[in-house]
Amino acid sequence: MNKEELLDLLVCPVCQGKLSHEKDAAGSCQGLVCAACALVYPVRDGIPVMLPEEAVRLDKATSRAGQGK
Ligand SMILES: [Zn+2]
């Protein structure tokens, strides 16, 4: 099982919904997005952090991305 398949098995710990992958230009996963909760779970060193308290609100994540970081 490769890393992408592993990420596909993860669900949102809040709503148990399916997550979409947020990828950078190189195609590596930068975060797991739950559209239903509007939360982005960070991926640190390739390891998804599936904790609601570590998740970033989707609106904040989007505005941060808009600043180019
Ligand atoms: Zn959710």
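**Exercise 1. Which residue in the turn of the β1 and β2 hairpin has a positive phi, and how many residues lie between the strands?**

Start with the ground rules. This is a predicted model, in which local features need pLDDT of at least 70, side-chain atom pairs count only at pLDDT 80 or more, and totals for chains, interfaces and linings use all residues. Residues are numbered from 1 along each chain as its sequence is written.

Step 1. Find the strands. β1 covers residues 20-23 and β2 covers residues 29-34. Strands are DSSP runs (E, at least two residues), and helices are runs of H or I with at least four; both are numbered from the N terminus.

Step 2. Check the pairing. β1 and β2 pair in the antiparallel sense over four bridges. Two strands pair if DSSP finds at least two bridges between them. Lys23 stands opposite Cys29.

Step 3. Read the turn. Five residues lie between the two strands. Gly27 has the positive phi, about 90°.

**Exercise 2. Place the hairpins in the order of elements, then follow the pairing of β3.**

Step 1. List the elements. The protein chain has two helices and five strands. From the N terminus, the order is α-β-β-β-β-β-α.

Step 2. Go from β2 to β3. β3 spans residues 39-44 and runs antiparallel to β2, with four bridges joining them. Cys34 stands opposite Leu39. This hairpin has four residues between the strands, and Ala38 takes a positive phi near 55°.

Step 3. Go from β3 to β4. β4 is residues 47-48, paired antiparallel to β3 over two bridges. Val43 stands opposite Pro48. Two residues separate these hairpin strands, and Asp45 in the turn has a positive phi of about 55°.

Step 4. Add β5. Residues 56-57 form β5, which pairs with β3 in the antiparallel sense over two bridges. Val40 has Val56 as its bridge partner.

**Exercise 3. Is Tyr41 buried or exposed, and why?**

Step 1. Locate the residue. Tyr41 is in strand β3.

Step 2. Apply the cut-offs. Buried means 20 or more other C-beta atoms within 10 Å of the residue's own, exposed means 12 or fewer, and partly exposed lies in between; C-beta atoms are placed from the backbone. Tyr41 is buried because it has 23 C-beta neighbours inside 10 Å.

Step 3. Set this against the chain. Of its 69 residues, 16% count as buried.

Step 4. Name contacts (C-beta atoms, placed from the backbone, within 7 Å). Leaving out residues up to four places away in sequence, Tyr41 touches several residues, including Gly31, Leu32, Pro48 and Glu54.

Terms used: Contact = placed C-beta atoms within 7 Å.
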